[in-house]
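Okay, thanks for making room for me today. Let me put the thing up on the screen and then talk you through it.

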Amino acid sequence: MGILEKVVGPATTVQAAAKKVALGHFFLFPSYTALFYGWLSVFEGKGLTEAKQKFEDTWWDIFVAGSAFWPAANMVNFMYCPPMYRVLYLLSLIHISEPTR
């Protein structure tokens, strides 16, 4: 998130917030997803080959599902949350969006 703040600046307008959302969704989201699969494979005792394969097999579904929810959530995040609370806001959304087990 700090990267977007440096590149775009504060989201004082809807256009600035939308620019942050677009940059984050198309550049940061894929890299975070790839890193997630890499670390998950390490923790599961698998290699990077399996992580790469899992990413390739599920990338499109994850991107489509993420596109339905996260852009709107991030617009609210950038427009109304002070920078020091943005991660907390996103973590709370992840928590409530997770199905109960």
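So, let me start with a question: among contacts in the chain between residues at least 6 apart in sequence, what percentage join residues at least 24 apart? The answer is 53%. Keep in mind as we go that this is a predicted model.

Right, the fold. We have four helices here and zero strands, so to speak an α-α-α-α pattern if you read along the sequence. For overall dimensions, picture the C-alpha atoms in a box of roughly 45 × 30 × 25 Å, taken along the principal axes.

Now, inside versus outside. The chain has 101 residues, and 29% of them count as buried. About 7200 Å² is exposed by the chain, and 70% of that comes from carbon and sulfur atoms.

On to charges. I get 8 positive side chains and 7 negative ones. The centres of those two sets sit 10 Å apart.

And then there's the bit of surface I'd like you to look at. Y32, L35, W39, V42 and F43 make a nonpolar patch of about 610 Å². Let's zoom in on one of those residues, V42. Where is V42 found? In helix α2, which covers residues 14–43. And why can V42 count towards a patch at all? Patch residues need over 30% relative accessible area, and V42 has 46%, so V42 clears that cut-off while being partly exposed.

That's my tour, happy to spin the model around if anyone wants another look.

Methods
Residues numbered from 1 in each chain as written. Predicted model: local features only at pLDDT ≥ 70, side-chain atom pairs only at ≥ 80, totals over all residues. Heavy atoms only, no water. Helix = DSSP H or I, 4+ residues; strand = E, 2+ residues; numbered from the N terminus. Buried < 20%, exposed > 50% of the residue type's maximum accessible area, 1.4 Å probe, protein only. Contact = heavy atoms within 4.5 Å. Areas by Shrake-Rupley, 256 points an atom, 1.4 Å probe, with all protein chains shown as cover. Lys, Arg positive; Asp, Glu negative; His and termini not counted. Charge placed at Lys NZ, Arg CZ, Asp CG, Glu CD. Patch = residues over 30% accessible without salt bridge, like charges linked within 9 Å, V, L, I, M, F, W, Y side chains within 5 Å. Salt bridge = Lys/Arg side-chain N within 4 Å of Asp/Glu carboxyl O.
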